[in-house]
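Welcome! Let's work through a few short exercises together, one step at a time.

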Amino acid sequence: MKIQLFSVPVALVIVALLLAPAWAAEYPLTITDSAGREVTFTQPIERVIVTSSDAAEAVVMLGAADKVVGISDTVKNKGYYFPLLKGKQSVGKWNALDYEMIGAIASNGEDTIVPDIVVIGYSYPGKSYGIYGLEKGLEPFKNIKAVALEFTKPENMTREVEILGQILGKEEQASDYIKWYDEKAKSIKNAVEGTNLPVVYVEWSSSGGDLSTLGPGSAFDQVLKLARGYNIAGTLEDTYPKVDWEWVVTENPEVIIVRQTQPTDHAQIGWESAPSQEAIKLQNAKNMLMERSGASRIKAAKSDRIYFMDWDIMNGLDQVVGATYLAKVLHPKADLNPEGVYSEYLERIGLEYPDGRTMVYPEM
């Protein structure tokens with residue numbers, strides 16, 4: 001009888017273990033963020049503040065939009081992309097946060113802040129808006145956890161998504177996204193394998209006549225390698241090097257990619273397809289580039305391979321979408337469907353691919 005009485009609860013324990021969520025996190029939970037900092041959580045995180053649209057994308061992708069209690073200006077300005085975050089409290093600019101507001105949100109009217117809130121920011125060591133500056137700004141407010149997760153570089157993407165999944169208790173959703181991400185990255189590699197390596201110049205900025213590009217260590221340099229392109233700035237020392245146009249002409253790139261960011265009042269994904277006012281503006285920008293000294297001699301100009309890309313898809317969890325577009329630009333015959341990949345991605349965050357819109361100009 002003793003054996004029978006003892007065996008019943010043991011069986012119940014076994015059944016309970018089998019039925020328990022396979023992804024359940026144990027506390028205290030310690031993670032190592034993208035700045036190499038160890039951060040320990042003593043209990044599940046129920047409130048999140050995102051200081052970048054990339055972090056917001058990741059939180060929404062993992063099905064934790066309901067946990068968001070604060071957003072930066074970049075997230076607010078991209079409301080068309082984050083309808084689930086509409087009306088969330090603003091905490092200032094991404095590079096100049098309102099720490100008093102963050103403290104007020106965290107306290108929730110109580111004298112003691114419950115340690116269930118995390119602020120997700122960039123690592124950017126040495127920058128005032130980096131994780132150490134964030135830590136300093138949050139010092140007066142106890143029990144707010146600051147975590148550096150960037151979601152900008154392919155080499156760190158899956159690891160950062162895994163970490164966020166642990167923090168939010170969304171490990172299963174993180175695993176599902178990573179599986180999809182890996183499938184799309186593999187599709188790109190397979191589609192461009194064995195093709196020629198086109199020489200590429202990307203223009204990050206041309207403000208005030210000064211040109212800057214993206215060098216080694218930049219997210220674009222890594223995405224370009226995935227898309228099988230050769231970066232003419234890949235051997236320079238700086239991540240965001242200043243360059244002369246004469247140098248670009250000498251390097252004679254076969255493809256030119258111009259980074260385009262959207263204005264703050266932008267209300268839709270991408271640009272309206274031609275004929276449209278947006279297409280006219282982009283064509284004017286292309287014409288201005290062609291007016292630079294020696295531009296007509298560059299291979300990219302001769303073969304009409306100068307493209308403007310909406311940079312929203314080059315960072316964040318939709319970066320693999322941007323990589324697919326880039327691979328198709330560099331290798332037009334590759335068996336890739338960028339719009340199809342983007343449609344899948346948008347469906348994952350509750351959106352639909354808008355008809356009559358494009359992420360690349362001229363359209364492929």
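Phe151 is buried, with a relative accessible area of 0%; buried means under 20%, exposed over 50% and partly exposed in between, using a 1.4 Å probe and protein chains only. This is a predicted model, where local features need pLDDT of at least 70, side-chain atom pairs count only at pLDDT 80 or more, and totals for chains, interfaces and linings use all residues. Residues are numbered from 1 along each chain as its sequence is written, and side-chain values use heavy atoms, leaving out hydrogens and water.

**Exercise 1.** Describe the backbone and place of Phe151.

*Solution.* Start with the angle: phi of Phe151 is near 60°, a positive value in a residue other than glycine. Next, find its place: Phe151 sits in the loop between strand 9 (144-148) and helix 6. Helices (H or I, at least four residues) and strands (E, at least two) are DSSP runs, numbered from the N terminus.

**Exercise 2.** Is Arg228 buried or partly exposed?

*Solution.* First, locate Arg228 in the loop between helix 8 and strand 12 (230-231). Then read its phi, which is positive at about 60° although Arg228 is not a glycine. Finally, Arg228 has a relative accessible area of 29%, so this residue is partly exposed.

**Exercise 3.** Which peptide bonds leading to Pro275 and Pro362 are cis?

*Solution.* Take Pro275 to begin with: the bond from Ala274 is cis, with omega near 0°. Pro275 lies in the loop between strand 15 (271-272) and helix 10 (277-290). Now turn to Pro362: the bond from Tyr361 is cis, with omega near -10°. Pro362 belongs to the segment after strand 18 (360-361).
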